[in-house]
Amino acid sequence: MKKSELKRVLTRWGLTSLGIGAVIGGGIFVLTGIAAHDWAGPALALSFVLAGVACTFAALCYAEFASILPVEGSAYAYSYGTVGEIFAWLIGWNLILEYMMGATTVAVSWSGYFEKLLHLFHIDPPIWLMNDPVTAQEKAAALRATGVAVPDFSFAMNLPAFLIVLVVTYILVRGIKEAASTNNIIVIVKVAVVIFVIVVGAFYVDTANWHPFLPEPVIDSGGQQHYGFNGIVTAASIVFFAYIGFDAVSTQAGEAIDPKKDVPFAIIASLVICTVLYILVSLVLTGMVPFKSLDLKAPVAQAFADKGLTWAVYIITIAALGGLTSVMLVMMLGQTRVFLGMAKDGLIPPGLFASIHPKFKTPWKSTILVGLIVSVVAALTPIDKVSELTSSGTLLAFAMICGAVWLLRVREPNLERPYRTPVLPLIATLGICANLYLMYNLRTDTKISFVVWCVIGLIVYFTYSRKHSHLNNPEDHQ
């Protein structure tokens with residue numbers, strides 16, 4: 001087993017908090033608007049059930065792997081020891097897509113809530129400082145069409161998204177204990193606010209907004225079905241990226257005090273807690289306002305604003321900012337730990353990705369690199385171009401893990417398993433089928449982008465990784 005040079009400071013509830021920190025934020029505060037407005041309507045609650053069930057199968061398999069291999073690297077490390085290096089590489093490569101695009105999406109969403117907070121204080125920053133170039137031009141054109149005078153601009157960037165990523169990067173470089181402590185405070189606040197949204201919002205639910213609960217299917221110009229059963233499935237695949245919190249938990253095994261017991265507990269606990277909260281919030285939101293009126297950038301805050309609850313909008317907006325910050329923190333944390341696991345196997349340059357800071361005991365070089373990439377992409381890229389790509393990498397990783405844990409049971413039946421997935425053949429089969437089915441229902445252009453990403457990954461593997469792999473060059477790494 002690989003020895004971890006990282007500090008073991010995380011308890012089971014610390015790990016669970018990290019999981020909740022990754023899950024609650026992007027899904028509840030942002031994706032509920034997009035998924036209900038464009039795809040599922042009030043039936044978004046069923047989309048969360050579907051995504052939650054698919055996640056549960058994968059989570060049970062993850063938990064067994066995490067108890068056997070308590071090292072950093074998550075799904076990558078698990079598959080490396082079972083299904084072979086090239087499959088492990090593909091999973092690791094897709095985890096890069098999952099975490100980086102996820103953090104980017106959340107950074108852009110954070111900027112949207114920050115802009116709403118500024119508006120609450122009657123501060124109107126220029127469009128070109130709050131949006132990427134494409135979105136800025138679209139917003140300017142829309143305002144001009146309504147007769148609003150908007151000055152011309154040749155440069156635009158999402159400055160708040162850029163800056164918040166740099167702040168998170170600084171926290172992560174300083175150390176896991178500081179990051180976990182920051183996250184714990186934020187988790188307590190945002191879970192309290194999510195419960196506040198459910199309880200207070202319930203008094204403003206108009207059940208007429210739930211009818212029809214499953215809107216009639218609509219086919220767009222590209223042949224894609226919105227609403228109906230296919231719309232529910234597409235919405236489930238879109239919101240799926242919000243469920244990767246338990247995956248982020250498993251990347252922290254190298255820093256857990258008792259990883260064999262605590263990581264499986266935290267994986268399942270964070271998933272169950274967050275799924276229940278998602279379902280309740282989606283029902284309250286679609287009950288408060290007609291789904292076609294949901295705001296795409298800040299749906300929760302806008303729903304309360306539409307009911308005249310301005311005081312609640314302040315609370316929700318500030319909590320959303322904290323919640324989205326913790327999501328970024330955990331996603332970027334997970335990203336660097338996956339890099340660390342891959343670097344230890346020689347698949348990516350260890351001098352850059354496995355370099356541990358002598359004082360902070362964090363992979364500081366890769367953390368800074370990830371921070372720079374995410375900040376630039378978040379500043380210059382529209383949110384809709386990156387959000388769904390996150391789900392594609394996650395779904396494939398989950399399906400492969402379900403198969404890998406089953407394969408390991410067959411190959412190594414006597415291996416010590418502190419946690420055993422119940423009814424494994426059934427759970428693994430359902431996990432593979434459910435995750436691939438959701439992947440199949442992603443939009444066509446998302447699937448094309450995903451294939452291109454995988455091809456690039458294979459080129460990198462055969463031109464660099466295979467030649468430097470410790471597995472293929474054992475005599476160099478005795």
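The following dialogue examines contacts, burial and backbone features in a predicted model.

Biologist: How many salt bridges does the structure hold?

Modeller: Among the salt bridges is that of arginine 12 with aspartate 262, at 3.3 Å from N to O. Another joins the side chains of glutamate 64 and arginine 409. In total, the number of salt bridges in the structure is four.

Biologist: How many residues apart are arginine 12 and aspartate 262?

Modeller: The side chains of these two residues meet in a salt bridge. Arginine 12 belongs to helix H1 (residues 12-23) and aspartate 262 to helix H12 (residues 259-288), so the pair links distant parts of the chain. Their separation is 250 residues.

Biologist: Is aspartate 262 buried or exposed?

Modeller: Its partner arginine 12 has a relative accessibility of 32% and therefore counts as partly exposed. Aspartate 262 has a relative accessible area of 8%. Buried means under 20%, so aspartate 262 is buried.

Biologist: Over the face of which residue does arginine 12 lie?

Modeller: Arginine 12 takes part in a salt bridge with aspartate 262. Arginine 12 also lies over an aromatic face, at 4.3 Å from the ring centre. The ring belongs to phenylalanine 265.

Biologist: Which residues are linked with Glu64 in a network of salt bridges?

Modeller: Glutamate 64 meets arginine 409 at 2.8 Å, N to O. Glutamate 64 lies in helix H3 (residues 44-68) and arginine 409 in helix H17 (residues 387-411), so this pair ties together parts 345 residues apart in sequence. A salt bridge also joins glutamate 64 to arginine 417, with the closest N and O atoms 2.9 Å apart. The residues linked with Glu64 in the network are therefore Arg409 and Arg417.

Biologist: Why does the pair of arginine 417 and glutamate 64 tie together parts of the chain, and how many residues apart are they in sequence?

Modeller: Arginine 417 is placed in the loop between H17 and helix H18 (424-440). Glutamate 64 is in helix H3, so the salt bridge ties together parts whose separation in sequence is 353 residues.

Biologist: What is the relative accessible area of glutamate 64?

Modeller: Arginine 409 is buried, as is glutamate 64. Arginine 417 counts as buried because its relative accessibility is 8%, under the 20% cut-off. For glutamate 64, which is buried, the relative accessible area is 0%.

Biologist: What is the angle between the planes of tryptophan 93 and tryptophan 453?

Modeller: A search of the whole structure finds 15 aromatic pairs. Tryptophan 93 and tryptophan 453 form one that is stacked, at 4.5 Å centre to centre. Planes under 30 degrees apart count as stacked, and the angle here is 20°.

Biologist: Where is tryptophan 453 in the chain?

Modeller: Tryptophan 93 is in helix H5 (residues 85-120), 360 residues apart from its partner. Tryptophan 93 is buried at a relative accessible area of 10%, whereas tryptophan 453 is partly exposed at 22%. The place of tryptophan 453 is helix H19 (residues 444-468).

Biologist: Which residues form one aromatic cluster with Trp93 and Trp453?

Modeller: Tryptophan 93 and tryptophan 453 form a stacked pair. Both belong to one aromatic cluster, whose other members are Trp89, Tyr461 and Phe462.

Biologist: Why is H14 described as largely enclosed by the rest of the structure, and how many of its residues are buried?

Modeller: Helix H14 (residues 310-344) has 35 residues, which at 1.5 Å a residue should span 51 Å; its end C-alpha atoms are 51 Å apart, in agreement. H14 is largely enclosed because, of its 35 residues, the number buried is 28.

Biologist: Which residues does a cis peptide bond join?

Modeller: Most peptide bonds are trans. In the loop between H9 and E1, where proline 212 is placed, omega is about -5° at a cis bond. The residues joined are histidine 211 and proline 212.

Biologist: What is the value of phi at tyrosine 227?

Modeller: Most residues other than glycine have a negative phi. Tyrosine 227, in the loop between strand E2 (225-226) and helix H10 (228-239), is buried with a relative accessible area of 6%. Although tyrosine 227 is not a glycine, its phi is positive, at about 65°.

How values were computed. Residues are numbered from 1 along each chain as its sequence is written. This is a predicted model: local features need pLDDT of at least 70, side-chain atom pairs count only at pLDDT 80 or more; totals for chains, interfaces and linings use all residues. Side-chain values use heavy atoms; hydrogens and water are left out. Rings of Phe, Tyr and Trp (its six-membered ring) pair if their centres lie within 6.5 Å; planes under 30 degrees apart count as stacked, over 60 as edge-to-face and the rest as tilted. Helices (H or I, at least four residues) and strands (E, at least two) are DSSP runs, numbered from the N terminus. Buried means under 20% relative accessible area, exposed over 50%, partly exposed in between (1.4 Å probe, protein chains only). A charge sits over a ring if NZ of Lys or CZ of Arg is within 6 Å of the ring centre and within 35 degrees of the ring normal. The expected span of a helix is 1.5 Å times one less than its number of residues.
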